[in-house]
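Hello,

Here is the structure I promised to pass on. Please open it first, then read my notes below.

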Amino acid sequence: MEIGIIGLPQCGKTTVFGALSGGESTITNSMLNTNKPNLGVAKVHDPRLNILQDMFNPAKTTPAEVKYIDFPKSQEVNIKSKGISGEYLNYLQRADALLQVVRSFEDPSVPHVEGSIDPFRDISLMDLELSFSDLTILERRLEKLANELKSAKSNERDIKLKEQMILSRVKKDLEQEIPIREQDISEEEQKIMSNFQFLTAKPMLIVWNIGENNIDNSQIIEDELRSQFARPGVGVVTLSGKIEMELGIMDMNESNEFREFMGIDEPALDKAIRSSYELLGLISFFTVGSDEVKAWTIEKDIEASKAAGKIHTDIERGFIRAEVISYQNLLDSGSLGAGKKKGLVKLEGKSYNVRDGDIINFLFNV
Ligand SMILES: Nc1nc2c(ncn2[C@@H]2O[C@H](COP(=O)(O)OP(=O)(O)OP(=O)(O)O)[C@@H](O)[C@H]2O)c(=O)[nH]1
Ligand SMILES: [Mg+2]
């Protein structure tokens, strides 16, 4: 999973990036001053993986990963004049989801580009930028289609006309400020739409960067925001970028103690990842063995053969069966052997719908 970080200049993007990908130590001066995007990887903390590790004692334990991309300042400067473009746009288009950092912290030493702290205004501004970028792509494509239609052969005409119809409708709705993720788009239309990787079609996690002095109210603020932003494909979490970044360089015990003292119940990293999984409809399954215990991330409701393809395309191609036991059944049985004896390890076919927490052994033939 790849998440692109967006937000107005100086809203705390790089700080939040640091908090989400391993703490202050990951941010260096050079990162603040280059034109290259910052790429960070966060390990997904999943308590089930620790239990499986104890059970199988593997040589290696591999958690799932989330990649974060943060963009340098120089790219942002353009934001208000030209919209999102160039390399910045390419990176965002590739992302599975967007994470919008919104400044709500007060700090006179950090001037706000708009002159005042107003997170709701900032979200609208960002939404406009994203829509603007999608509209530019839509207009360009519609123009090209109109030209192509003039000389299209009859067998191509229908397809092009259909695309023209869909894109015109999407454009009209977008002009009414309805992001593509909220528009009514059929599964068939989705196929055409997916070619464009529109930004307002992507799920978006709003990260409300609260000030240090607001941590006590963090849950209240979050609940309130959740009700305000109860829109399809949008999630909200509150966190204090600055504090979380500092906590990120402490060892586990130290940071846990500090969190307890501050009244922060869950590390921001875990909270953000959990929300991203919910937002994107993602679940995890596990592969186990003495060599490696590993967590894999897949979309909800995908078939066993597709899940196998996440591991290797050969396993998808040569898929025979999957041996599956649910996490809870394995836990109750105490071991895989005991689970097998009880008949809790099931043989499933290609079309089996993988569930969150399944422990799977794929049988395949290539
Ligand atoms: N007090 C306080 N300051 C913060 C917080 N988050 C970020 N800052 C400060 O705000 C300034 C900008 O933070 P960055 O993380 O660099 O923001 P950015 O969005 O990456 O900025 P650009 O990349 O320049 O657009 C820095 O001086 C941070 O220390 C916060 O939660 N509290
Ligand atoms: Mg930055």
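**The sheet**

Strands β2 and β4 are antiparallel partners, joined by six bridges. Within this pairing, Asn 38 sits opposite Asp 70 of β4. Bear in mind throughout that this is a predicted model.

β4 also pairs with β1. Here the two strands run parallel, with three bridges between β1 (residues 2-6) and β4 (residues 65-70). One register point to check on screen: Gly 4 has Ile 69 of β4 as its bridge partner.

Both pairings belong to an open sheet of six strands. Its order is β2-β4-β1-β5-β6-β7, and the pairing is mixed. The edges are β2 (38-43) and β7 (234-239); each has a single partner strand, so one side of each lacks a neighbour in the sheet. On average, neighbouring strands are turned by 25° against each other, direction ignored.

A helix packs on this sheet. α6 (residues 86-94) lies across β1, β4 and β5 (97-103). Its direction makes an angle of about 135° with β1.

**Domains and their contact**

The domain assignment splits the protein chain into three. Domain 1 covers 2-116 + 202-280, domain 2 covers 131-200, and domain 3 covers 301-364.

I looked at how domain 1 meets domain 2. Their C-alpha centres are 32 Å apart. Domain 1 puts 15 residues into the contact, and domain 2 puts in eleven residues. The size of an interface is often given as the accessible area lost when the parts come together. For domain 1 and domain 2, the buried area is about 980 Å², with 54% of it on carbon and sulfur atoms.

What polar links cross this interface? Four residue pairs are in polar contact between domain 1 and domain 2, with both residues at pLDDT 80 or more. On the domain 1 side, α6 contributes the most to the surface touching domain 2, with four residues. So the helix to look at here is again α6, which lies across β1, β4 and β5. The salt bridge count between domain 1 and domain 2 is one.

**Salt bridges**

By the rule used, the count comes to 20 salt bridges. One of them joins Arg 141 to Glu 163, with the closest N and O atoms 2.8 Å apart. This pair links distant parts of the chain: Arg 141 is in helix α7 (residues 119-150), Glu 163 is in helix α8 (residues 154-175), and 22 residues separate them. Arg 231 forms a salt bridge too, with Glu 182; the closest N and O atoms there are 2.6 Å apart.

**Two helices to inspect**

Start with α12 (residues 252-262). Asp 251 caps the N-terminal end of this helix. A side-chain oxygen of Asp 251 lies 3.2 Å from the backbone nitrogen of Asn 253. Just after α12 comes Gly 263, with a positive phi of about 75°.

Then go to α10 (residues 218-228), which holds Ile 221. Which residues does Ile 221 touch, leaving aside its neighbours within four places in sequence? The contacts are Trp 208, Ile 210, Asn 214 and Thr 238. Ile 221 and Trp 208 are 13 residues apart in sequence, and their C-alpha atoms are 9.1 Å apart.

Best wishes

Definitions and conventions. Residues are numbered from 1 along each chain as its sequence is written. Chains are lettered from A and ligands numbered from 1 in the order in which they are written. This is a predicted model: local features need pLDDT of at least 70, side-chain atom pairs count only at pLDDT 80 or more; totals for chains, interfaces and linings use all residues. Side-chain values use heavy atoms; hydrogens and water are left out. Two strands pair if DSSP finds at least two bridges between them. Axes are lines fitted to C-alpha atoms, for helices over the stretch in contact, and angles run from 0 to 180 degrees between N-to-C directions. Contact means heavy atoms within 4.5 Å. Domain bounds come from an automatic or database domain assignment. Buried area is the accessible area (1.4 Å probe) that two parts lose on being put together, summed over both. A salt bridge is a side-chain nitrogen of Lys or Arg within 4 Å of a carboxyl oxygen of Asp or Glu. A polar contact is a pair of N or O atoms within 3.5 Å; within protein, one must be able to donate a hydrogen and the other to accept it, and residues adjacent in sequence count only if both atoms are side-chain atoms.
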